Amino acid sequence: SIQVGSFQNMNEANAKVQTWKQKGYPSYVMIADIPNRGRWYRVRIGGFATRADASRYLAKLRTKESVDDALIVLNEQ
């Protein structure tokens, strides 16, 4: 997947997911409990079959949406 944001506020993360969905992107929230930092809500786009697929998609996303800080991540199970 491609991570396009990380927020400590669940409502803020959900609002970003809706913004991405309105633009037509398959977005969702993953919850991460980080030691000494608390709970974070990570906004992601995707599920891609391979890292190469995610990389190609990210290149297009950076051009179209100006998301310079987005990164490719593995989804935790």
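User: Before we look at the rings, what makes two of them an aromatic pair here?
Analyst: Happy to start there: rings of Phe, Tyr and Trp, the last by its six-membered ring, pair if their centres lie within 6.5 Å. This is a predicted model, and it holds 3 aromatic pairs.

User: Which residues form one aromatic cluster?
Analyst: Tryptophan 20 pairs with tyrosine 25, and tyrosine 25 also pairs with tyrosine 57. The aromatic cluster is made up of Trp20, Tyr25, Phe48 and Tyr57.

User: What is the geometry of the pair of tryptophan 20 and tyrosine 25?
Analyst: The two ring centres are 5.2 Å apart, and the planes make an angle of 80 degrees. Planes over 60 degrees apart count as edge-to-face. The pair of tryptophan 20 and tyrosine 25 is therefore edge-to-face.

User: Is tyrosine 25 buried or exposed?
Analyst: Its relative accessible area is 8%. Since buried means under 20%, tyrosine 25 is buried.

User: How many residues apart in sequence are the parts that tyrosine 25 and tyrosine 57 tie together?
Analyst: The centres of these two rings lie 6.4 Å apart with planes at 85 degrees, so this pair is edge-to-face. Tyrosine 25 sits in the loop between helix H1 (10-22) and S2, while tyrosine 57 belongs to helix H2 (residues 51-65). The pair therefore ties together parts separated in sequence by 32 residues.

User: And tyrosine 57: buried, partly exposed or exposed?
Analyst: Partly exposed covers the range between under 20% and over 50%. With a relative accessible area of 27%, tyrosine 57 is partly exposed.

User: Which residue lies over the face of tryptophan 20?
Analyst: Tryptophan 20 itself is buried, at 10% relative accessible area. At 5.3 Å from its ring centre, over the face, lies lysine 23.

User: Which elements each supply at least two residues of the largest nonpolar core?
Analyst: This core has 16 residues, and those touching the most other members include Trp20 and Ile45. Isoleucine 45 is also in contact with residues beyond four places in sequence, among them Ile2, Val4, Trp20 and Leu61. The elements that each supply at least two core residues are S1, H1, strand S3 (38-45) and H2.

User: Which strands stand at the edges of the sheet?
Analyst: The open sheet has 4 strands in the order S2-S3-S1-S4, with antiparallel pairing. Each edge strand has a single partner, so one of its sides is left without a neighbour in the sheet. The edge strands are S2 (27-34) and S4 (71-72).

User: Which residue in S4 stands opposite glutamine 3?
Analyst: Strand S1 (residues 2-7) pairs with S4 in the antiparallel sense over 2 bridges. Opposite glutamine 3 stands leucine 71.

Technical notes: Residues numbered from 1 in each chain as written. Predicted model: local features only at pLDDT ≥ 70, side-chain atom pairs only at ≥ 80, totals over all residues. Heavy atoms only, no water. Pairing = 2+ DSSP bridges. Phe/Tyr/Trp six-rings, centres within 6.5 Å; stacked < 30°, edge-to-face > 60°. Buried < 20%, exposed > 50% of the residue type's maximum accessible area, 1.4 Å probe, protein only. Lys NZ or Arg CZ within 6 Å of the ring centre and 35° of its normal. Core = buried A, V, L, I, M, F, W, Y, C linked by side-chain atoms within 4.5 Å. Contact = heavy atoms within 4.5 Å.
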